[in-house]
Amino acid sequence: MSRAPLVTILDDEPEIRHMLSAALEEAGFRTMGFARATEFEAALKSRTPDLCLVDLSLPDRDGLTLVHRLALEQGATVIIISGRAQVQDRVTGLELGADDYIIKPFDPAEVVARVRARLRDRPAAAAGTTARFAGWTAHFDRFALEDETGSETPFSHAEGEVLRLFLERPKRLISRAAMQESLGGAAGESFDRAMDVRISRLRQKLREDPKNPRLIKTIYGAGYIFLGDVSWD
């Protein structure tokens, strides 16, 4: 029998940790709670969570820096939980690699639903974890792009979601609405800007000419098309 997904909760408010742990465990998840980033990072050396809930206002570390490292270096699925409600805070968090952003105060049922949504559509091994296209190999099991020389460039979990969406639908128009539906998150300025940043970073990693990209084409007013031929292992 497969084990229940493990969700880590990093928040210095004990009532928040306890409330989320109770709601998530009632929904069938395993949880671990941490008040400090140092404790959380030490635990990661021996455990790999399926999803991380991270507050931005931590007593010993800048939460945004931690989110960026989790998403880019470890390919973790990250949801920010924060009292910072400004659009720019949400945009920054998503740009740094977070998969979602939930503003405090929140209903724990909403957090459970967002966690389920993020974990529900993770690719299974049978669905293919390696895609080949235009001289590149995308390794979704270790979140890395490999070029023809064998050199690898890491990508974040959030960037990987966008890349996988393109690679699963090559040569088909993908609208912003379809991206929002597939990737989740609330539609609006923060989602649109986050998508722009993720696509821009993917183009950089694929060494695309920003003025004339050959793989990820913008169809202004309509969406995007991935033009490469794709094969999956």
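# Exercises on a predicted model

F34 is buried, its relative accessible area being 9%, where buried means under 20% relative accessible area, exposed over 50% and partly exposed in between, computed with a 1.4 Å probe on protein chains only. The model is a predicted one, in which local features need pLDDT of at least 70 and side-chain atom pairs count only at pLDDT 80 or more, while totals for chains, interfaces and linings use all residues. Residues are numbered from 1 along each chain as its sequence is written, and side-chain values use heavy atoms, with hydrogens and water left out.

## Exercise 1: the surroundings of F34

Task: locate F34 in the secondary structure and list the residues that F34 touches.

Solution. Begin with the element: F34 lies in strand β2, strands (E, at least two residues) and helices (H or I, at least four) being DSSP runs numbered from the N terminus. Next, apply the contact criterion, heavy atoms within 4.5 Å; not counting residues up to four places away in sequence, F34 touches T8, I9, L10, D11, R17, E39, F40 and A43. Finally, compare sequence with space: F34 and P14 are 20 residues apart in sequence, and their C-alpha atoms are 8.8 Å apart.

## Exercise 2: the sheet

Task: determine the order of the five strands and follow the pairing through β1, β3 and β4.

Solution. The five strands form an open sheet with parallel pairing, in the order β2-β1-β3-β4-β5, where two strands pair if DSSP finds at least two bridges between them. The edge strands, each pairing on one side only, are β2 (30–34) and β5 (100–103). From one strand to the next the twist averages 20°, angles running from 0 to 180 degrees between N-to-C directions of axes fitted to C-alpha atoms, for helices over the stretch in contact.

Now take the pairs in turn. Strand β1 (residues 6–10) pairs with β2 in the parallel sense over five bridges, and V7 has T31 as its bridge partner in β2. Between β1 and β3 there are four bridges, with V54 of β3 as the bridge partner of L10. Three bridges then join β3 to β4, where I80 of β4 is the bridge partner of V54. As a last step, consider burial in β3: L51 and L53 on one side, and C52 and V54 on the other, are all buried, which covers both faces of this strand.

## Exercise 3: the helices

Task: describe how α1 and α5 cross, and decide which face of α2 is lined by buried residues.

Solution. The axes of helix α1 (residues 14–26) and α5 come within 9 Å and cross at roughly 55°. The two helices are therefore oblique to each other, since angles under 35 degrees count as roughly parallel, over 145 as roughly antiparallel, 65 to 115 as roughly perpendicular and the rest as oblique. The contact is made by M19, L20, A23 and L24 of α1 together with P108, V111, V112 and V115 of α5.

Helix α5 (residues 108–120) also lies across β1, β3 (51–54), β4 (78–82) and β5, running at about 180° to β5. For α2 (residues 37–44), the buried residues are A37, F40, E41, A43 and L44. Seen down the axis of α2, these buried residues fall within an arc of 160°, so they line one face of the helix; the arc is that of the directions from the helix axis to the C-beta atoms.
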